[in-house]
Each structure stands twice: as C-alpha cells, then as structure tokens.
Amino acid sequence: MKNLILILILVAVGMVSCSRSARHSKILSEAESIVSAYPDSALVILDDIDPKDLKDDSLRALYAIVVGTAHKESYNSMVADSLTEFAFEYYRDKDFKRFLQAGDLYAIHLFWLGDGNRSLSLLDSLIGLPNITTDSKIELLRSRMGVGGQLFDGKRNISAIRQLMQLDTVAASQPEYKRQLYLNYAYAGQNDSALILLDELIDEARSKKLSEQEFAYKYEKISILEEAGRYAESNELADYIIENAPENSALHFIHFSKALNYLNLKDFKSASAELAKADNYAKEVYSEESNYYESFAGHIRNILTFQNNGKISLIRVAEISNHQRDRWFRDEKTRYEQRQNALKAENRALLFKSQSERKTYIIVIVSLVAFILVLCGVWLLQKRKRRTVEAEERAETLQRMVDELQKPSAPTDNQEALRRAMLQQLNIIKMVAETPTEQNREMLRKISSVDNDSNGTLVNWTNVYEIVDNLHSGFYTKLHDRYGDTISEKEEQAIVLLAAGFSAKEISVVTSQSAASVYVRKSSVKKKLGVPEKEDVIAFLRQELSR
C-alpha cells in the first residue's frame, strides 16, 4: 500500500510538471507566431510565464528569443535580455537558424549594455559564416546597420549597407537603406558621396509627391552642405525651407545651422542674429527638445560672446555643463526609480505567485489524500466482501461435508472411508459453520485447541497421514521422505488431502485457510517439483513415488 501511495504521488507530480511544460510550450509557440508583426501582444501573452519556472533548457532558450525579438521589434531597451546569451550558446549545435537569431539578439543586448565593439564584432562574425540563408543574413545586416550607425562606425558600416541593398531587393526598403548609406558616408567624412545620395532621395520623394519627406531630406542636406564647407548653399537651402515651410517644427535648428554657417564665414553679426532667432523659436518647443538644442547652441553662444568681448565666461560654460549634468542625474534618478519600481512589482508578483503555488500545492495534496482514502476504503470494502464470500463458501462446503457424513450409507471404497473418517473429526464444528461471524471464528479457534494431539488444528494430521498411507500405499511417507525438504508442511497437507479426493474448497475448510491459498500452495508445489504446466500434480506424484 505504501508503494501504491508513493507511485500515485510521483505520478501526480509528473503529471503536474508535464502539464506545466506543455502549457508553457503552447504559450511560447503562440507568442512566437505573432511576435514579428505584433511584438506588444506577444509580450502580453508571455506575461503568463515566469522565466524562473522554465526548467527545460529548450523552453528557456525559446523564451529568450521571443522576448528579445519583441523588444527589438518595438525598439525597447534590451538591457534586461541577458537570457539571449544562454539561447545563443544553447542553439549553437542544435538549430543553426535559431543560433543566428539568438546571436543577433545577443549582439543588440551587448549594444544596450554599452559594449558596442563586442556587439559589432559578434554581428560581423555571424554575417561571415558560411551556408547562411539570405533572410538570416538580411536580418543580421540590418542589425549591423543600426548598431554601426549609433556608434558612428561609418567606414565599416558602408560596405554592410551596400551588401544589404543588394540582398534585400524589396523596393519599399531601398529608400531607408539609401538614407542610412548617405548618413554613414557623412560619418566617414565622405560628404560628396553623401550629397549625391541625398539628392537622389530628394528627387525620388519629389517624383512620388512626398512633400514632407522631400522637406525632411532638404533639412538634412543643410547640415551636410555645412560639413562640406558649402556654407552659402547651406544658407540658401535653409532660406528656401523657412520660406516654403513657415510652420516647420525644426525652425530653431534651421536658424541655428545658419548661425553656424555665418560663424564659419566669420560673419559674427549675422551669426548672432540667426542664433537669436533660433533661441526665440526654441522657447516654443517642448522641454526635452529645448534641452537638446541648448546643448549645441550654448557653445556657439559662448564663441560669439568671446568674439564680441574677447573672453570666455566660465559661468556660461559651467551653466551648459551643469545643465547637462543635472539632466543626466535626473535621467539616472528616473532610471533608478524605474528599476526600484520594477523590483517592487517583481517582488509583489513573486509573493502572489508563491501564495498561489502554496494554495495549488495544498489543493493537490488534499486531493491526493482524498483519492488515497477513497482507494483504501474501496480496498477494505472489497477485502471484507471477499472474506465474507469466502466464509460463506466455507460454511456451505462444511455443511455439505457434514451432510455427507450423516448419510447412513456405508463407505464403498477406501477413498470414501478416508473421507468419512476425516469428516467425523469435523462434526464438532457443524453448529458454528452456518454463521461465519467473528464470535464463531473465535469458537473455532477454541475448538481447535481442545485436542492437544491435533497441535491446535481442526484435524489430527498424524491420524490423517496414517490413513492416507494405509489406503494409498504409503503415499504420505514417500512424499515426505523424498520432498519433505522441498515443500512446506502446509503444502504437504494440501497435497495429501488432494490425493485423498478432497476439493480445494473442502481443503480450505479443513485447513482453515482460503480456497485461493490452497490454489497458491498447489501451484507452488508444481513449480518446486517441476511438474509440467498442464499435468495434474497428484498424477505426477503417484507416478514419481511409485518408482
């Protein structure tokens, strides 16, 4: 029974574990199928999974890929996606496609951690692998283009973008690739090449009547012309945009660009006038944009102040530096508070989860205990029922044997004489045979102890053995001498009674045991003596003992 309970508990634990793994696998598959198109929805689906619950390495690796892809597609921070490294190593020798995907996400994770050089090195090594599919290579090159652009890695990024433009022939993607290419030309100091590409983009936007995009490219061209030293052309283009887009939200930067051009032309008066206009427009933009503008304009303002007064004000320089430092501190404080809030939320979630799991475990344990109690109850009922049936059968058999004894007819042969002699020894229990209660069973035990010669049993076996030997040519003595060391006393008794013509039920009454036990002893004797399966044990013994 203890083993049964242990097996049930192990089965229940296994079922719970398998059920949880199957549920996690289903959730991950669902999230993976939509993550590229609907990353936010995929993250919502994954809220039902705590990565600490993922004991299977394959599920942990897939979880890392799905979450990392969702963050990448939605341009969210990937600082916390440290599991991408685990996925990268896990898939290395298992799934080449997912190995590349995990490597891509791990590289972006490194970039968010501030390790740009390792990020670019990893991406370049993956791009250079043999047997890589076009789709995988396109995805890696896109990541390389983005990370390289953020790190102003213009020279090396140019070749990657050109390769990307050749592989990804989708027309809708080409303008963005061309824009990234001209920006990297500018980062690399190749302004002429950048201007050629920028003019192509302007012409394409004009031909497609994309006026806003055309103005955006022209606005970017102002800075490239300035970097190329073509200040007059830069100012001319700036005036064109101011005249044709008076409501442009970037007017503060356009006037700032003109101020910078005039400063490079050493026209300090015009530079001061344009900077004043830029400052005026900057007051109308939101604070973050105004702070960004001030990080540029403050330095130009100090240069113009030096030109006019012949000195640099440390207070003005400190004002800019302190302003940027304070902004950095505010950002850090905000990030710290966000991390603390995230930790508090995580702790609350863990506490809630712990409470839920404890309730679940209690329910499972109570259910198991109830199930085990029900099984025990059923087993006890069956056992009692079986005992009752056996007792009734024993009583019927005993009654039949007693009735047989009371027949007035004389025995016709030795076999019948033996039966009647043994039945006479059982006549005393007739009065209790009909009702097999506990009291009657106790009476039977007392009856069996009356005759000391019977050794506490209902039968005087010494007499029985003598009768069997007399009627059956020394059957018992031969059996005991040859097989006494092999078979037990109970088995000997069962064999002797079988040889005397008693049935299994009658033997069960005589020996005070169940009919099933008699069959078991009979089978045990056959096995010990090597009796063929289909051969009768008594016939076998008569033949063996007669030799």
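**Helix pair α6/α7 and two positive-phi residues**

Tutor: In this predicted model, α6 and α7 are roughly antiparallel to each other.

Student: At what angle do the axes of α6 and α7 cross?

Tutor: Take α6 as residues 116-127 and α7 as residues 134-150. Their axes come within 10 Å. An angle over 145 degrees counts as roughly antiparallel, so the pair earns that label. The axes cross at roughly 155°.

Student: Is the crossing of α6 and α7 left-handed or right-handed?

Tutor: Look at how α6 passes α7. The crossing is left-handed.

Student: How many nonpolar residues are in the contact of α6 with α7?

Tutor: From α6 come S119, L120, L123, D124, L126 and I127. They meet K137, L140, L141, S143, R144, V147 and G148 in α7. By class, three residues of this contact are polar and three are charged. The nonpolar count is seven.

Student: Which residue in the loop between α3 and α4 has a positive phi although it is not a glycine?

Tutor: Most residues other than glycine have a negative phi. The loop in question lies between α3 (57-73) and α4 (83-90). The phi there is about 60°, and the residue is Y75.

Student: Is Y75 buried or exposed?

Tutor: Exposed means over 50% relative accessible area. Y75 has 73% relative accessibility, so Y75 counts as exposed.

Student: What is the relative accessible area of F152?

Tutor: F152 sits in the loop between α7 and α8 (154-167). F152 is not a glycine, yet has a positive phi of about 55°. F152 is exposed, and its relative accessible area is 57%.

Technical notes: Residues numbered from 1 in each chain as written. Predicted model: local features only at pLDDT ≥ 70, side-chain atom pairs only at ≥ 80, totals over all residues. Heavy atoms only, no water. Axes fitted to C-alpha atoms, helices over the stretch in contact; angles between N-to-C directions. Helix = DSSP H or I, 4+ residues; strand = E, 2+ residues; numbered from the N terminus. Parallel < 35°, antiparallel > 145°, perpendicular 65-115°, else oblique. Left-handed = near helix turned anticlockwise from the far one by under 90°. Contact = heavy atoms within 4.5 Å. Nonpolar A, V, L, I, M, F, W, Y, C, P; charged D, E, K, R; others polar. Buried < 20%, exposed > 50% of the residue type's maximum accessible area, 1.4 Å probe, protein only.
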